[in-house]
Amino acid sequence: MDWPKGVDGLAYGGDYNPEQWPEEIWDDDVHLMREAGVNLVSVGVFSWSRLEPREGEYDFDWLDRVLDKLHTGGVGVNLATPTASPPPWFTLAHPDALNTRPDGVRQVHGSRDTYDVCAPAYQEASLRIAGKLAERYAEHPALAMWHVHNEYGSATYSAHAERAFRIWLQEKYETIEALNDAWWGSFWSQHYGEWDQILAPRATQYLSNPAHELDFKRFTSDAMLEHYKSQRDVLRAANPEIPITTNFVFGQWVPVDPWQWASEVDLVAFDSYPSAPDERAEQQSALHADLSRSWAGGGDWILMEQAAATIHSKDGAVAKAPGRMARHSMIHISRGSKGAMFFQWRAGRGGAEQWHSALLPHAGKHTRMFAEVAAFGNTLPGIAHTVEAPVKTDVAILWSPESWWASSGPHLPAPVDYLENVAQIHRVLRDRGVVVDFVAPEGDLSRYTTVIAPSTYVLSEAAAENLRWFTAGGGRLVASYLTGAVDEHCQVWLDGFLGGLTDLFGIRVTEHLPQPSGELRALWNFGAAERFCELVELRGAQCVTQYATGDVIENQPAVTVNPFGEGEAWYVSCKLVDEAWDRLFEELKLDGPGTRGVDVVDRGPWRFVVNHTEKEAQVGNVIVPAGSWAVNKR
Ligand code: GLA
């Protein structure tokens with residue numbers, strides 16, 4: 001029960017909002033969906049005010065008709081609970097259920113995500129509407145899957161959150177003294193005498209306490225997960241045969257730990273919105289896909305949303321070239337997604353996202369875009385037989401949400417871009433043709449021969465032991481600067497950092513030496529480092545290369561390797577440029593059949609090739625035209 005019921009092969013479709021349109025066009029919608037090869041749509045994602053126009057008054061008639069029509073047309077329904085956007089009547093009746101920003105401002109309705117997961121009134125109302133939907137639709141033949149909420153991620157710093165946070169802290173620390181110790185409470189007179197003195201980490205005068213901030217993120221992830229689970233359990237009870245998920249979203253602002261969440265959903269669903277128009281869009285798509293597959297841990301996962309025709313960057317949207325929508329979809333499908341879904345089916349006439357692209361554009365069916373959408377959708381059944389073959393790799397990158405959250409704090413020795421450090425390893429390996437998994441710091445490393453741990457700033461004792469065990473047993477570990485700088489309470493690991501693993505790496509890191517922005521520090525025969533360097537003392541490790549320049553670091557070890565048990569531990573004491581990582585991976589003989597701009601994923605007997613370049617690509621016996629893709633027998 002981990003796949004939309006009744007959907008065979010690959011899923012194709014998107015968010016469908018018929019309630020925004022006159023009923024006359026619903027038949028046309030279903031007809032065009034069939035023409036485009038659509039077999040699954042997400043319905044009701046933000047429909048609360050239409051489903052419950054007044055408290056306790058429900059209007060399901062329109063939804064009955066929509067589901068019946070979709071079912072008759074052979075389109076499955078991924079039915080959402082609408083809790084990501086409470087109706088105006090609700091927030092007016094319960095203003096305390098609106099979310100509060102870190103600066104203490106309580107938001108108002110008028111957009112979406114205006115809710116406080118910790119507010120009892122919101123929790124109750126969420127369960128009520130989820131229960132009504134379950135009661136009415138759990139046995140509906142169109143129902144393929146439940147989509148709880150939408151993109152959990154909006155944190156709240158309200159009084160409700162504060163109360164729940166204190167309970168969470170009491171469960172974690174048991175005594176206020178233990179909390180004070182963990183948070184290093186004697187600094188700046190932050191020693192707490194009572195639980196009630198603890199606030200959410202709202203805007204304060206200057207830097208806030210990093211341990212407090214990190215615990216609040218963990219708490220928020222747990223609080224949102226509780227909200228998800230409470231709805232899931234109601235839906236599950238109504239019909240245990242229907243899989244349940246929620247769509248994960250990606251961003252530093254999202255205090256959700258996907259490793260923990262993944263085991264609570266029947267399949268992982270991910271919304272992929274690359275943020276740059278150039279080749280980084282392909283890199284980011286591949287990164288999103290590999291993360292999603294890894295979170296799913298061998299289970300099913302699906303690309304739940306992407307934009308059909310545009311890429312949204314800081315400067316606004318940029319049109320996707322012909323074929324790029326299909327290539328982005330194939331990046332996900334080749335890396336294990338069981339489909340390609342979009343936001344949204346029909347472009348809206350009004351509302352804040354009226355200019356967001358769609359499978360069916362404003363100009364209708366007779367458009368270049370719809371033709372492309374239909375052509376791709378009708379191709380997918382032809383490759384459905386290939387998608388059960390698993391994606392297998394023996395190389396993994398450590399993915400630590402806590403390191404991402406904690407190392408983005410403003411108090412670090414120099415700004416650290418954890419995501420970029422992870423993305424950099426992923427992109428250099430992808431350019432070398434290597435498909436990677438991601439793994440949690442405390443996750444199962446036994447499937448891998450090489451694990452790369454970029455700047456895993458927060459390292460718990462358990463995670464450190466995991467890395468030690470992996471290496472001792474024959475694994476090859478490659479870690480980079482700031483690894484294990486702090487423990488799970490954001491307290492510095494003493495006597496050489498590295499999460500206490502100085503014996504594993506055969507070195508001590510004795511100082512952090514941030515370098516001026518924009519100045520490269522050459523490494524002997526190894527490219528260069530930028531911005532962040534560390535001073536390393538050898539304690540048994542061999543020096544692979546040294547810094548060629550730089551105060552204090554000149555001629556000091558930059559990259560080291562240490563045999564440990566049956567394996568070896570490499571340490572990169574700086575932020576390398578891409579070419580230097582490439583040089584290191586050359587040394588480690590990490591390469592695969594793909595090349596820069598040509599994604600190749602081998603799965604069982606099948607070879608998926610996605611050619612993003614302007615030239616024909618040949619990989620083994622597979623020839624793929626410029627800007628196209630293919631799946632063939634190897
Ligand atoms: C998110 C949401 C969608 C839509 C898209 C637009 O992923 O889930 O409802 O707003 O963004 O980019």
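Me: Which residues surround the ligand?
Reply: In this predicted model, the ligand is surrounded by Phe46, Arg112, Asn150, Glu151, Asp271, Tyr273, Glu305, Phe343, Glu353 and His356.

Me: What makes these residues count as near the ligand?
Reply: A residue is near a molecule if one of its heavy atoms lies within 4 Å of it. Phe46 and His356 are among the residues around the ligand.

Me: How does the shell around the ligand divide into nonpolar, polar and charged residues?
Reply: The shell holds 3 nonpolar, 2 polar and 5 charged residues.

Me: What makes the approach of Asn150 to the ligand a polar contact?
Reply: The cut-off is a pair of N or O atoms within 3.5 Å. A polar atom in the Asn150 side chain lies 2.8 Å from a ligand oxygen, so the pair is a polar contact.

Me: What about Glu151 and Glu305?
Reply: For Glu151, an N or O atom of the side chain is 2.5 Å from an oxygen atom of the ligand. For Glu305, the distance from a side-chain N or O atom to an oxygen atom of the ligand is 2.5 Å. Both values are within 3.5 Å, so both pairs count as polar contacts.

Me: How much of the ligand's accessible area does the protein cover?
Reply: On its own the ligand has 310 Å² of accessible area, and the protein covers 91% of that.

Me: Where does the ligand sit?
Reply: The ligand sits in the largest pocket. A molecule is said to sit in a pocket if more than half of its atoms lie within 2 Å of the pocket's grid points.

Me: What is the form of the peptide bond from Phe343 to Gln344?
Reply: That bond is cis, with omega near 20°. Phe343 is also one of the residues around the ligand. Gln344 belongs to the loop between strand E11 (339–342) and helix H12 (368–379).

Me: Why is Asp300 called buried?
Reply: Its relative accessible area is 13%. Buried means under 20%, so Asp300 is buried. Asp300 lies in the loop that runs between helix H10 (280–296) and strand E8 (301–305).

Me: How do you know that Asp300 and Lys338 make a polar contact?
Reply: Their side chains are joined at 2.6 Å. The limit for such a contact is 3.5 Å, so the pair qualifies.

Me: Why is Trp184 called exposed?
Reply: Exposed means over 50% relative accessible area. Trp184 has 58%, so the word applies. This residue is in the loop between helix H7 (176–182) and helix H8 (210–238). Trp184 also has a positive phi of about 55°, although it is not a glycine.

Me: Cys490 has a positive phi as well; is Cys490 buried or exposed?
Reply: Cys490 is buried, because its relative accessible area of 14% is under 20%. Its phi is about 65°, and Cys490 is not a glycine. The residue lies in the loop between strand E15 (476–480) and helix H16 (502–505).

Me: Why is Asn239 called buried?
Reply: Asn239 has 6% relative accessibility, and the cut-off for buried is under 20%, so Asn239 counts as buried. Asn239 is placed in the loop between H8 and strand E5 (244–245). A polar atom of its side chain lies 2.9 Å from the backbone nitrogen of Glu241.

Me: What makes Pro240 partly exposed?
Reply: Partly exposed is the range between under 20% and over 50%. Pro240 has a relative accessible area of 48%, so it belongs there. Pro240 lies in the loop between H8 and E5. Pro240 and Ala138 are 102 residues apart along the chain, with 9.1 Å between their C-alpha atoms.

Me: Why is Ala159 called partly exposed?
Reply: Its value is 46%, neither under 20% nor over 50%, so Ala159 is partly exposed. Ala159 is found in helix H6 (residues 159–173). From Ala159 to Leu199 the C-alpha distance is 8.5 Å, and the two are 40 residues apart in sequence.

Me: Is Val30 buried or exposed?
Reply: Val30 is buried, because its relative accessible area is 9% and buried means under 20%. Val30 is part of helix H1 (residues 26–36).

Definitions and conventions
Residues are numbered from 1 along each chain as its sequence is written. This is a predicted model: local features need pLDDT of at least 70, side-chain atom pairs count only at pLDDT 80 or more; totals for chains, interfaces and linings use all residues. Side-chain values use heavy atoms; hydrogens and water are left out. A polar contact is a pair of N or O atoms within 3.5 Å; within protein, one must be able to donate a hydrogen and the other to accept it, and residues adjacent in sequence count only if both atoms are side-chain atoms. Accessible areas come from the Shrake-Rupley method with a 1.4 Å probe; for residues, only the protein chains shown count as cover. On a 1 Å grid over the protein atoms alone, a cavity is a set of points where a 1.4 Å probe fits but cannot get out, and a pocket is an open set with protein on both sides within 12 Å along at least five of seven lines; lining residues have an atom within 4 Å of a point. Ala, Val, Leu, Ile, Met, Phe, Trp, Tyr, Cys and Pro count as nonpolar, Asp, Glu, Lys and Arg as charged, and the others, Gly among them, as polar. Helices (H or I, at least four residues) and strands (E, at least two) are DSSP runs, numbered from the N terminus. Buried means under 20% relative accessible area, exposed over 50%, partly exposed in between (1.4 Å probe, protein chains only).
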